[in-house]
Amino acid sequence: MALLSYSWVLLLPALTYVQGDLRTSVQDLKVYLNQQTSFNLSLITEELPDKNAIIKIDVQHPDLLSVHPLNISIKEEREWIIYVKGLSAGHSIVNANISHNITDFSEAFVRVTIEKSDALYHVSAVVGWIYFVAWSVSFYPQIYINYKRKSVVGLNFDFLSLNVVGFLMYALFNCGLYWIPEIEKQYFERYPKGLNPVQINDIFFSLHAVFATTVTIGQCFIYEIGNQRVSTTARIIHGIFALFILISLILSCVKTIQWLDFLYYCSYVKLCITLIKYVPQAFYNYRRKSTVGWSIGNIFLDFTGGILSMLQMILNAYNYDDWDSIFGDPTKFGLGFFSVAFDIFFIIQHYVLYRNRVNYVELPGHCQEEPEGACSA
């Protein structure tokens, strides 16, 4: 899972040639509505600029955020306390200009978060962990039902193959951006005031998803599979994705594109797979007129995770008055909604359309009747 950040930047550019650093005591700051907090601004240098130099702070949206003091006289001081008060949820960019240049002010910024309610922040955090657990556990009902039946008939191989490739691309993106310093440096060069979007829980979820899906694929080599195989259509889709990733990899190796771009292309493959991966299983259930072998427990957990994921986005959008995070960039919300819609369709298939149907397990040379209630989980 990725970190949703609502932040705004305090930039401190300068305009002379004094050797030294201009820094802030923190890089990220949270302030509640109608409350005040502070951070320290420090000038680390052996030689002070002109004593007449003044730091002037301009607030882009004074209706959202107030800053005090607005003018700072350097004189003999090298450190100042800057007070920030939240007036309204949202974000504002505050610029500070000084009449003398400081050699390095790359660390002189603060991301300020203005929240309406601390309670909503904690509720959102709890909701986030619940859907994280729900999605992580959702792999195991299918693994259990395969083990119990000693068969994977009913589990569509196209869905399984797309799923493992999608999670592999997702894990590659997360691990690369989180653990490889060169790629992280490229990210900060592109977004100098940004935050690394990958958190440790994203690493755990993606690697765990690859592991659990691989275990499920391993079961396909042990248990009965009937006449199932990966379809020609799925093979073509995999070939297109493989060619796309291979070309991107070559372009990265010859330095035509950055490795960060390669990871982004991997994430685009994951997004495409998320959009299409449920279709083969839904059609397979329709063709068989049965959901035997397809774990409904997996669907309920996935449905729970999807609903809570969208709920967290709504809570955060309200708390930070940042509805653009949903409607301005609808990709994440849309993917969550798309997954939930398919979960609902699977539930209708299981409990309404194919309820109490008998599934005929297709094995080479014969068929075996299997009552739906006997093996569904």
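Let's start in helix α1, residues 118-137, where Y131 and W135 sit 4 residues apart, so about one helical turn separates them. This is a predicted model, by the way, so please hear everything that follows in that light. The two rings of Y131 and W135 form an edge-to-face pair, 5.1 Å centre to centre, with 70° between the planes. Y131 is buried, at a relative accessible area of 4%.

Another edge-to-face pair is Y178 with W179, at 6.0 Å between centres and 75° between planes. Here Y178 is partly exposed, with 31% relative accessibility.

Stepping back, the whole structure holds 22 aromatic pairs. Which residues join Y131 and W135 in one aromatic cluster? They are W129, F132, F139, F167, F204 and F205. One of these cluster members, F167, also has a lysine over its face: K270, at 4.2 Å from the ring centre.

That brings me to K289, my favourite stop on this tour. Its charged end sits over the ring of Y286, 4.0 Å from the centre. K289 belongs to the loop between α8 (278-288) and α9 (296-319), and it is partly exposed at 32%.

Now for the backbone. Most residues other than glycine have a negative phi, and most peptide bonds are trans. K289, though, has a positive phi of about 55°. K150 also has a positive phi, of about 55°; you'll find K150 in the loop between α2 (140-149) and α3 (157-179), partly exposed at 41%.

And where is the cis peptide bond? Look between H68 and P69, where omega is about 0°. P69 lies in the loop between β6 (65-68) and β7 (71-73). Thanks, everyone!

Technical notes: Residues are numbered from 1 along each chain as its sequence is written. This is a predicted model: local features need pLDDT of at least 70, side-chain atom pairs count only at pLDDT 80 or more; totals for chains, interfaces and linings use all residues. Side-chain values use heavy atoms; hydrogens and water are left out. Rings of Phe, Tyr and Trp (its six-membered ring) pair if their centres lie within 6.5 Å; planes under 30 degrees apart count as stacked, over 60 as edge-to-face and the rest as tilted. Helices (H or I, at least four residues) and strands (E, at least two) are DSSP runs, numbered from the N terminus. Buried means under 20% relative accessible area, exposed over 50%, partly exposed in between (1.4 Å probe, protein chains only). A charge sits over a ring if NZ of Lys or CZ of Arg is within 6 Å of the ring centre and within 35 degrees of the ring normal.
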